[in-house]
Amino acid sequence: MIINETKITRILNPTSIDLGDYVINPYKGCSYGCLYCYVRFNKVTLKDPRNWGEYVDVRVNAPELLEKEIAKQKPKRVLLGSTTECFQPIEKEYGLTRKILQILNEKGVYFSILTRSPLITEYIDLLKGGFCESVYFTVNSYVRELKDIFEPKSPSFESRVEAVKLLLEAKLPVIPYFSPILPLVSDYTAAFEKFPGAKRIDFEGLNFNLGNINKIIDLILQFDPKLGRIYKRLCAENDFYDTYWGNVKKDIGKEAVKFKKDHNVYIHSLSGYFENSYGRDTLDNI
């Protein structure tokens, strides 16, 4: 893993994601390097000659910039972690996210967080400062052999479940975010039983428009040829694709009724673009 200290000229960047007016990414890159990560294919990443998952740039002046930019731009809401993991291992050394959360609390700026890292549980005191609107915590469940293929460096699924439970016990606005649903692999309906304290659970299907989807399918083929052939069909046949995901939505809906849980299911259209509204309006009373 290559770690670089860098300085940037701006930390608040406008966003179309409806969780904030601006996004904050204290790091560039991510040491987890998940194979299905959408950030692999954004414009900035594609221009970088380095391999995704093998570098992290530490934006050491991010807290200093944030104080200045808040004073000038007066943001009401921000999102942390749109293109990086704010709580990845390097955060233990640099503490940029901790400093940023302290500043947001001090300045009265509301924030949401996207994460899959149990390290966030060490920041509960800051999350309880009154300005945390939501924490979308990515969880999943499939066999270890496939995790070693798709996200070998990410925290274990078990540790993520425990982290979500700790955040829920702290009465924080946590939404377990089951993503991505790997067809016929991920045990997605079990999420409702795992998180009885969650008011809402969200789900997202695997994006078959990813730039490396053929590599993903090839790996599935090597793991299980029959399963791989189903993935190839999903990628090639619109009707089959729509029927499969329609059944997934029905399954999730049945479990949601059974456990009396609010939920959202986000499915990417085949050969299209994905827009995720995150359903903020349903978070008001969490």
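Modeller: A word on terms before we start: helices (H or I, at least four residues) and strands (E, at least two) are DSSP runs, numbered from the N terminus. Please also keep in mind that this is a predicted model.

Colleague: Happy with that! Between which helix and which strand is Lys 260 found?

Modeller: Lys 260 stands out for a positive phi of about 55 degrees, although it is not a glycine. Its relative accessibility is 76%, and because exposed means over 50%, Lys 260 counts as exposed. As for its place, Lys 260 is in the loop between helix H11 (238-259) and strand S11 (262-266).

Colleague: And Lys 74: is that residue buried or exposed?

Modeller: Lys 74 is not a glycine either, yet it has a positive phi of about 50 degrees. It sits in the loop between H2 and strand S6 (77-80). With a relative accessibility of 62%, Lys 74 counts as exposed.

Colleague: Which residue does a cis peptide bond join to Ser 179?

Modeller: The partner lies in strand S9, which spans residues 174-181. Omega for the bond is about -15 degrees, and the residue joined to Ser 179 is Pro 180.

Colleague: Staying with prolines, which residues does Pro 63 touch, leaving aside those up to four places away in sequence?

Modeller: Pro 63 is part of helix H2, residues 62-73. Its relative accessibility is 11%, so it counts as buried. Beyond its sequence neighbours, the residues that Pro 63 touches are Leu 96, Lys 99 and Ile 103.

Colleague: Now for the interior. Which residues touch the most other members of the largest nonpolar core?

Modeller: As a general point, nonpolar side chains in soluble globular proteins tend to be buried together. Here the largest nonpolar core has 81 residues, and those touching the most other members are Leu 80, Leu 104, Phe 111 and Phe 203.

Colleague: How many residues make up the second, separate core?

Modeller: Val 23 and Leu 114 are among its members. Tyr 136 and Ile 175 belong to this core too. Its residue count is eight.

Colleague: How many disulfides are there?

Modeller: A disulfide would need two cysteine sulfur atoms within 2.5 Å. The sulfur of Cys 132 is 12 Å from the closest cysteine sulfur, in Cys 86, which is too far for a bond. The disulfide count comes to zero.

Colleague: What is the distance from the sulfur of Cys 34 to the nearest cysteine sulfur?

Modeller: Cys 34 counts as buried, at 5% relative accessibility. It is in no disulfide, and the nearest cysteine sulfur belongs to Cys 30, at a distance of 6.4 Å.

Colleague: Let's turn to charges. Which residues are linked with Lys 28 in a network of salt bridges?

Modeller: Asp 48 forms a salt bridge with Arg 50, with the closest N and O atoms 2.9 Å apart. Asp 57 also meets Arg 50 in a salt bridge, at 2.8 Å from N to O. Together with Lys 28, the residues linked in the network are Asp 48, Arg 50 and Asp 57.

Colleague: Is Arg 50 buried, partly exposed or exposed?

Modeller: Its two aspartate partners are low in accessibility: Asp 48 is buried at 11%, and Asp 57 is buried at 8%. For Arg 50 the relative accessibility is 25%, and because the buried class ends under 20% and the exposed class starts over 50%, Arg 50 counts as partly exposed.

Colleague: Which residue meets Asp 202 in a salt bridge?

Modeller: The structure holds eleven salt bridges. In this one, both residues are buried. The N to O distance is 2.6 Å, and the partner of Asp 202 is Arg 200.

Colleague: On the surface, how much accessible area do Val 143, Ile 149 and Phe 223 have together?

Modeller: Val 143 is in the loop between strand S8 (132-139) and helix H6 (144-150). With a relative accessible area of 43%, Val 143 is partly exposed. The three residues form a nonpolar patch, and their accessible area together is about 220 Å².

Colleague: One last one: what separation do the C-alpha atoms of Asp 224 and Asp 125 have?

Modeller: Asp 224 is in the loop between helix H9 (213-223) and helix H10 (225-236). At 31% relative accessibility, Asp 224 counts as partly exposed. Asp 125 is 99 residues away along the chain, and the C-alpha separation is 45 Å.

Terms used
Residues are numbered from 1 along each chain as its sequence is written. This is a predicted model: local features need pLDDT of at least 70, side-chain atom pairs count only at pLDDT 80 or more; totals for chains, interfaces and linings use all residues. Side-chain values use heavy atoms; hydrogens and water are left out. Buried means under 20% relative accessible area, exposed over 50%, partly exposed in between (1.4 Å probe, protein chains only). Patches are made of residues with over 30% relative accessible area and no salt bridge: like charges are joined within 9 Å, nonpolar side chains (Val, Leu, Ile, Met, Phe, Trp, Tyr) within 5 Å. Accessible areas come from the Shrake-Rupley method with a 1.4 Å probe; for residues, only the protein chains shown count as cover. A salt bridge is a side-chain nitrogen of Lys or Arg within 4 Å of a carboxyl oxygen of Asp or Glu. A nonpolar core is a set of buried Ala, Val, Leu, Ile, Met, Phe, Trp, Tyr and Cys residues joined through side-chain atoms within 4.5 Å. Contact means heavy atoms within 4.5 Å.
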